[in-house]
Amino acid sequence: MEYNWKLPIVLVSIASILIITYNVINEDILPSATMLLPILTTLPQVITVSDPKDRLIFIGDIHGQFDEFKDMLDTKIGKLDTHTTVVLLGDFLVKGPDSLKVVDYIVSHQDNIKFVFGNHEILLFLAYVQEHLGLGNDHLLFSTDKQFPPKTFKPPKKIHKELIKKLGSERLHHLASIGSVTLRFDLTLTNEVLFAVHAGMLPGDFMEKNQIPPIVELIDMKYVNEHDWTKSAREEEDVEHSKRWYKLWDDCDKKFDNITVLYGHDAKKGLNIRKHTKGLDSACVKGGQLTALEYTYDSAKGHYITTLHQVQSHSSI
Ligand SMILES: [Mn+2]
């Protein structure tokens with residue numbers, strides 16, 4: 001039989017073309033398409049709570065302190081049954097040692113554990129789109145804001161760039177697809193409404209017509225101009241007539257009497273429980289405590305009672 005020396009060359013050539021084509025598609029074309037994060041939800045995801053056995057547990061900034069988070073669940077919260085919903089108030093990643101463990105745990109318990117994004121999760125998403133798409137930092141898509149981030153929002157740092165490599169695109173995509181910036185809990189037994197956001201929100205936000213707050217307010221605000229509520233900032237000097245945003249709730253209109261805002265973000269201020277606002281970031285990552293606030297329904301009294309749980313940080317500073 002005559003050896004056809006051309007056949008192997010043809011086969012090798014075809015294989016090379018296939019390999020090159022595969023690489024071009026996978027490295028240049030497909031990643032650009034798949035690296036795009038889903039459009040992030042801005043408007044509150046509404047969760048109706050109507051069973052007297054239901055309980056809600058809001059937890060302040062975890063910042064990658066998985067051991068304290070697990071301690072909180074095991075020793076204070078107990079079984080994550082069908083009546084239990086844990087709500088993380090953002091900044092559950094970055095800074096501490098175990099962000100990957102936190103993500104994997106909340107993703108594998110996503111029926112019971114809900115979360116809102118904090119400024120640090122948003123910074124991870126920003127670092128990710130910058131790294132993979134090279135489009136600058138204005139390509140994070142939200143369902144309401146036309147342009148994010150605004151100039152007042154500081155860009156991602158080295159810690160964010162390093163962490164996105166460890167997390168990988170699959171985890172980041174998954175987080176982006178199941179998380180939101182605001183959660184709203186309608187407690188039908190008492191007609192109360194609880195909002196969960198990372199930084200804060202103002203009286204009337206999401207309640208008054210056309211009062212949809214910008215993303216930076218929800219994820220980064222600490223101060224607001226008390227004469228012009230559309231102007232808020234993280235730093236006191238960046239806003240005129242500055243006032244802590246939660247103080248606006250202290251003497252708000254009676255029509256908002258049934259509303260409570262639960263938030264984290266403000267470790268410097270620390271635990272800050274007021275009538276309408278509950279600040280639960282007690283600096284766990286800086287040697288403070290991890291704090292949780294639990295809502296359970298007291299059927300005999302016909303109202304919700306709240307219980308505060310704290311776990312001492314394992315890291316000492
Ligand atoms: Mn924060």
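Tutor: Two residues are in contact when their C-beta atoms, placed from the backbone, lie within 7 Å, and we shall apply that criterion to a model that is predicted.

Student: Which residues is Phe58 in contact with, leaving aside its neighbours within four places in sequence?

Tutor: Outside that window, Phe58 is in contact with Val87, Leu89, Ala196, Leu262, Leu280, Ala292 and Leu293, so each of these pairs has its C-beta atoms within 7 Å.

Student: What makes Phe58 stand out in the largest nonpolar core?

Tutor: That core has 78 residues, and Phe58, together with Ile59 and Val87, touches the most other members. Helix H4, residues 119–133, supplies the largest share of this core, namely 8 residues. Membership requires a residue to be buried, with 20 or more other C-beta atoms within 10 Å of its own, and therefore Phe58, as a member, is buried. In soluble globular proteins, nonpolar side chains tend to be buried together.

Student: Why is Asn258, in the loop between helix H7 (247–250) and strand E10 (259–263), called partly exposed?

Tutor: Asn258 has 13 C-beta neighbours inside 10 Å; a residue is exposed at 12 or fewer and buried at 20 or more, so a count of 13 falls in between and Asn258 is partly exposed.

Student: How do you know that Asn258 meets residues from elsewhere in the sequence, and which are they?

Tutor: Leaving aside neighbours within four places, Asn258 is in contact with Asn191, Glu192 and Val193. Leu187 is 71 residues from Asn258 in sequence, while their C-alpha atoms are 9.9 Å apart. Across the protein chain, 68% of the contacts with a separation of 6 or more involve residues 24 or more positions apart.

Terms used
Residues numbered from 1 in each chain as written. Predicted model: local features only at pLDDT ≥ 70, side-chain atom pairs only at ≥ 80, totals over all residues. Core = buried A, V, L, I, M, F, W, Y, C linked by C-beta atoms within 7 Å. Helix = DSSP H or I, 4+ residues; strand = E, 2+ residues; numbered from the N terminus.
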